[in-house]
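I opened my notebook to write down what I looked up in this structure, one topic at a time.

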Amino acid sequence: MLRPLLRRAVASLAVIWGVVTLVFLLLHAAPGDPAGLLVGPAASAEQVAVQRHALGLDRPLVAQYGGWLGRFVRGDWGNSIATGRPVRDLLLEAWPATAKLVVLSILLSYALGITLGVVQASVAGSRLDTILSAASVTLFAVPGYWLGLMLVMVFTYRLRLLPAFGAGGLDAEFLPPWAQALDGLRHLALPLATLTLVGIGGVARFVRGAMVDLEGSAFLLTARAKGLAPSRVLLRHTLRNALIPVLTLLGLSLPAIFSGTVFVEAIFAWPGVGRVLVQAVQARDHPVVLAAAAVSAGLVVAGNLLAEMLVAWADPRTRRPDAR
Amino acid sequence: MLDDARAVLGSALLTGVVLVALLAPVISTGDPARQRDVVATRLLPPASTDTFGVFHPLGTDRLGRDVWTRLAFGARVSLSVGTLAVVLSIAIGVVVGATAALARGWVATGLLALTDFALALPRVVLLLLLAALWSPSVTVVILVLGVTGWMTVARLVYAESRGLVTRPFAEAALALGAGRGRLLVRHLLPNLATPIVVTAALGIGNAILLEAGLSFLGLGVQPPAPSWGNMIAAGRDALMDAPWIAGAPGIALVVVVVGCTLLGDALQERLSPARRMRARQSVLSR
């Protein structure tokens, strides 16, 4: 159990290192001179050269990479060009908001998606199945940023029920604790609903497919031959076995879930890593872009590792040394 | 194929959108950037006629431009970006997957590790990064989408090729002295065509969604050229007064992606053994 996990952890670190290296190379391959950008268009050639030297850009690429990697590992991620604040502080403030949104939306969309998939599988081929399939395909096709805007239009502009921007009201700090919590929940509602709705479709489609595929298996025949109630066969036998690939799917789809979060955070001004990334990209704030990309890859990789541990826990077969 | 309702509906939806894109100049007011009297024609609701006697089936935007015309011309951008990006990612994926399958050894290990690495990255992060570093244009969007979308194809081609290589027809070809290249082009790829088409159908939907997403963030197709993504972005400020500006392109996106998904599902079901891969693939390629 431990050794494969350790191997996975090393592989995960390799992925993060790969991301960091890739981003470094991309930043260097991109057109435009950061030194020139910093000193402005009116600067003389000498001023640009001085700035290049100060930034270490006149050193060989390998030396720059080595120095940069060393600083990165030590947590010195430089300062944001746009705000002047240390990049590390920006991201330390941002990541809990993203993690909260991602974890809650995964829990909700998997709970609802699995339920929908089970209902569909239990009535597979019926009219209800067709209707629910149409619903899940549609949810699957809806772009998150558009759904977010439509929810804002209905719940914020028309019904005036829920706030659409940020993670708390302007006066949140001065509210009593219960009101503060309520305010937080109200701000969470729309971004969470958007991400959850977008996620349900994919999960439901997958669960239904996995359960229908199991139909005709010997163990189901045995379970039915024993005289078990259909609901018990469905939940204890079919669903349990269908859930293992679902857990694997969860790990593999984390990058996609994170991608969705980036757009949703941009729409709702949710103070997470995605919004920091989008703002930095739009402002060409390279140090922030770099670190945000690394942090997001880190979050995804950590989630992947967690999903794999869940699979090992749920399916004892994968724990056997000869299984892999 | 035609007995499958999903295939029929999916094809119908996509054919409809393709026709709109092809016939855009004929079935619309002609120029997606045309403004006459901005004050008199701005934010007209759907199905209204302006002071010049021009009918606007989907209303006008903040600058008095016809939303239907922009939608129809935007379909050209969305469909061509989606298709070209997927063609590019299939080309890369086939080369990587087939090389890994036929080369074996450290080349295969390296290519598979590269594929796994690329799969673990959040695609949008990479997209944002690439789109931010090079100034946004349609070409950049196509390249970026293609370069970030080949991994599922590579995995598929690798897995299927490894299976096909052991089949008697491949062994026969090798026994007759066919080289690896010939084996791949003449014997393996024709057998891989159908699963690749399925991946393409699902991939085009995703590529279109991502293109719209990039354009929505201002990193894709630049205004005044219409794209469904930048139309949604433009409608964002007018959600209260003119929900149709952002509403119409969003519904168009849903129609295209539903069409691609239904068609992909129906095609996939014909290849029963790989069925389970379907939903996973479509979720992953986002």
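How many residues does the contact take from chain B, and how many from chain A? Before answering I note that the model is a predicted one. I found that chain B gives 41 residues to the contact, while chain A gives 49 residues.

**Entry on the chain B side of the contact**

I then asked which elements give two or more residues to the side of chain B that touches chain A. My list for chain B reads α5 (105–120), α6 (123–133), α10 (180–216), α12 (243–270) and α13 (275–284). Of these, α12(B) gives the most to that side, with 9 residues. When I sorted the side of chain B that touches chain A by class, I wrote down 29 nonpolar, 5 polar and 7 charged residues.

**Entry on two helices of chain B**

Since α5(B) was on my list, I looked up how α5(B) meets helix α4 (residues 67–103) of chain B. The two axes come within 7 Å and cross at roughly 145°, and the crossing of α4(B) past α5(B) is left-handed. On the α4(B) side I noted B:Val96, B:Thr99, B:Ala100 and B:Ala103, and these meet residues of α5(B) that include B:Gly105, B:Leu111 and B:Thr115. By class, the residues of this contact between α4(B) and α5(B) are 7 nonpolar and 3 polar, with no charged ones.

**Entry on a peptide bond in chain B**

Next I checked the bond that joins B:Pro223 and B:Pro224, and I recorded a cis peptide bond with an omega of about 10°. I located B:Pro224 in the loop between α10 and α11 (228–235) of chain B.

**Entry on positive phi values in chain A**

I also looked for residues other than glycine with a positive phi, and I noted A:Arg160, where phi is near 55°. A:Arg160 belongs to the loop between α7 (144–158) and α8 (177–214) of chain A. Is A:Arg160 buried or exposed? I put A:Arg160 down as exposed, because 8 C-beta neighbours lie inside 10 Å and a residue with 12 or fewer counts as exposed.

I made a similar note for A:Ala269, which is not a glycine either and has a positive phi of about 50°. The loop that holds A:Ala269 runs between α10 (230–268) and α11 (273–282) of chain A. Here I counted 15 other C-beta atoms within 10 Å, so I wrote A:Ala269 down as partly exposed.

Methods: Residues numbered from 1 in each chain as written. Chains lettered and ligands numbered in written order. Predicted model: local features only at pLDDT ≥ 70, side-chain atom pairs only at ≥ 80, totals over all residues. Contact = placed C-beta atoms within 7 Å. Helix = DSSP H or I, 4+ residues; strand = E, 2+ residues; numbered from the N terminus. Nonpolar A, V, L, I, M, F, W, Y, C, P; charged D, E, K, R; others polar. Buried ≥ 20, exposed ≤ 12 C-beta atoms within 10 Å, placed from the backbone. Axes fitted to C-alpha atoms, helices over the stretch in contact; angles between N-to-C directions. Left-handed = near helix turned anticlockwise from the far one by under 90°.
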